[in-house]
Amino acid sequence: KYNFWKNKNVLITGHTGFKGSWLTLLLYSFGAKVTGYAKNPISKPNFFDDLALGKFLKKDFRENITDLEKLNKVIKRIKPSVIFHLVGQSSVLQSYKDPLDTVNANVIGTVNLLQAARSCKSVKSIVLVTSDKVYLNLEEKKKFKEADKLGGYDLYSSSKAACDILADSYIKSFYKNSKCNIGIVRSGNCIGGGDWTKDRIVKDCVVSFINNKKLVLRSPKATRPWQ
């Protein structure tokens, strides 16, 4: 029911990203009072700036989620009732180039969010967005089930799997008897308007065709599930 969102204080971490931008637009259209918390968009052009989505936000904080002190202050200040946690380093290739940043953004960022939300009684729901890459992929060409083993050979996958495990531990250790409900969603590959992020296969195809350039598929034997 869309009425649920009317005048709800909602915090979106990662609101300047592709999915975060769409979520900002969607929740605003439902009547929510949306606050964003993220670094600046990583690509030029990008969906957030092209649509000037800042005008739909109650507050727009451009901070690094690895800074727990600042995150604590923002959450206590805006008193959100719902938090969507999307912020993170989302590229497998980038995780090879900068593994430490990947771990800090994904693992430490998620722990900081869960820690900061603990001290704010207004928070009733948290949706943590990880990835379909959290499953240990042994290349057996099978569909994963929710209870399958977690793991990862690259730092992006393993960092997201770690987020899943740590979140489950936080739920059992600190949120079990609280009035805050936490859900984990494992997001897959999405195709959608405004995604200009580097190393996205569909976007790379379109750009190559527009500019009449040779298209190079980095992993031609790989299979990708799409939404």
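Which residue of β6 is the bridge partner of Leu128? Ile184 is, and the views below work their way to that pair.

**View 1. The open sheet of this predicted model has six strands.** Reading across, the order goes β3-β2-β1-β4-β5-β6, and the pairing is parallel. At the edges sit β3 (59-62) and β6 (181-185), each with pairing on one side only. From one strand to the next, the twist averages 15°.

**View 2. Here β1 meets β4.** Residues 9-13 make up β1 and residues 82-85 make up β4; the two run parallel, joined by four bridges. Pick out Leu11 and you'll find its bridge partner in β4, Ile83.

**View 3. On to β4 and β5, another parallel pair.** Four bridges hook these strands together. Val82 has Ser125 of β5 as its bridge partner. While you're looking at the strands, keep in mind that side chains in a regular strand alternate between the two faces of the sheet.

**View 4. This one zooms in on β5 and the edge strand β6.** Five bridges link the two, again in the parallel sense. Leu128 and Ile184, the pair from the opening question, are bridge partners here.

**View 5. Helix α6 packs on the sheet.** The helix covers residues 155-175 and touches both β5 (125-129) and β6. Its direction makes about 165° with that of β6. Put β5, α6 and β6 together and you have a right-handed β-α-β unit.

Definitions and conventions. Residues numbered from 1 in each chain as written. Predicted model: local features only at pLDDT ≥ 70, side-chain atom pairs only at ≥ 80, totals over all residues. Heavy atoms only, no water. Pairing = 2+ DSSP bridges. Axes fitted to C-alpha atoms, helices over the stretch in contact; angles between N-to-C directions. Contact = heavy atoms within 4.5 Å. Right-handed = clockwise from strand over helix to strand, strands pointing away.
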